[in-house]
Amino acid sequence: MARKVPGYAHGKERKYLPEAFDNRTDEEPITIWIKTPTERQKREVMQMAAASIETNDQGEAVTDSDGIPQMKIDLAYSMRWQNSVIVKFVSRVENYTGSDGNPIATGEQLLDHGETEIVSELSAEILTGLSLGEDEKKHLPGSSDTTAKTTQAPDGIAASAEPGDLQRRAGAA
């Protein structure tokens, strides 16, 4: 049987409902329309990756006690990557209003006025298709496997953060 690339059809517009701030349970949820990138477009955007293996003064990889290389994150690159993804692949936004009372209707407006949690969630969704159905997410033979043990969190408060913390904290405020 020939291999078929899993995921959403590239070039097609699809609807995405962000999960942040319990948006999916809202009567009028924020709806973002994504033009699904091709695999080539995904690779081109990923060239802007913000992570690299940290090295010591001798140019050797810095490792933890288990010998796992430590990653170094450059937030400026990360933000440029996120911005590029949103501008290139968001077709339109519905049911979202900025703090100034004006509608957020485009990818550019989403970058300027949208909440960080929604922008971050959306950029990850565009490149990874996290909302794929379970059948499409199944682990394929020969594919890479990333676990919490092998992927180290960067130094700082993010290491202790749990998924969804920002949304929960915002709801409690």
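Trainee: How many salt bridges does a search of the whole structure find?

Mentor: The structure here is a predicted model, and side-chain atom pairs count only at pLDDT 80 or more. A pair enters the tally when a side-chain nitrogen of Lys or Arg lies within 4 Å of a carboxyl oxygen of Asp or Glu. Searched on that basis, the whole structure gives a number of salt bridges equal to six.

Trainee: Which residue meets Lys-42 in a salt bridge, and in which helix do both lie?

Mentor: The N to O distance of this pair is 3.2 Å, and the two residues stand three positions apart, about one turn of the helix. The partner of Lys-42 is Glu-39, and the element that holds both, spanning residues 39-46, is helix α1.

Trainee: Does Lys-42 count as buried or exposed, and what is the relative accessible area of Glu-39?

Mentor: Buried means under 20% relative accessible area, and because Lys-42 has 19% relative accessibility, Lys-42 counts as buried. Its salt-bridge partner Glu-39 is instead classed as partly exposed, with a relative accessible area of 37%.

Trainee: Which side chain does Arg-24 meet in a salt bridge, and how exposed is each of the two residues?

Mentor: The bridge has an N to O distance of 3.6 Å, and the partner of Arg-24 is Glu-19. Exposed means over 50% relative accessible area, so Arg-24, at 42%, counts as partly exposed. Glu-19, with a relative accessible area of 51%, is exposed.

Trainee: Which residues do salt bridges with shared partners join into one network?

Mentor: One bridge to start from is that of Arg-92 with Glu-94, whose closest N and O atoms are 3.4 Å apart. Arg-92 is partly exposed at a relative accessible area of 30%, and Glu-94 likewise counts as partly exposed at 30% relative accessibility. Salt bridges that share partners then give one network, made up of Glu-13, Arg-92 and Glu-94.

Trainee: In what pattern do the helices and strands follow one another along the sequence?

Mentor: The protein chain contains six helices and five strands. Taken in sequence order, these elements give the pattern β-β-α-β-β-α-β-α-α-α-α.

Trainee: What share of the contacts with a separation of 6 or more comes from residues 24 or more positions apart?

Mentor: A contact requires heavy atoms within 4.5 Å, and the share is taken among those contacts in the protein chain whose separation is 6 or more. For residues 24 or more positions apart, that share is 57%.

Trainee: What percentage of the residues count as buried?

Mentor: The accessible surface of the protein chain comes to about 12000 Å², with 51% belonging to carbon and sulfur atoms. Of the 173 residues in the chain, the portion that counts as buried is 26%.

Key: Residues are numbered from 1 along each chain as its sequence is written. This is a predicted model: local features need pLDDT of at least 70, side-chain atom pairs count only at pLDDT 80 or more; totals for chains, interfaces and linings use all residues. Side-chain values use heavy atoms; hydrogens and water are left out. Helices (H or I, at least four residues) and strands (E, at least two) are DSSP runs, numbered from the N terminus. Buried means under 20% relative accessible area, exposed over 50%, partly exposed in between (1.4 Å probe, protein chains only). Accessible areas come from the Shrake-Rupley method with a 1.4 Å probe; for residues, only the protein chains shown count as cover.
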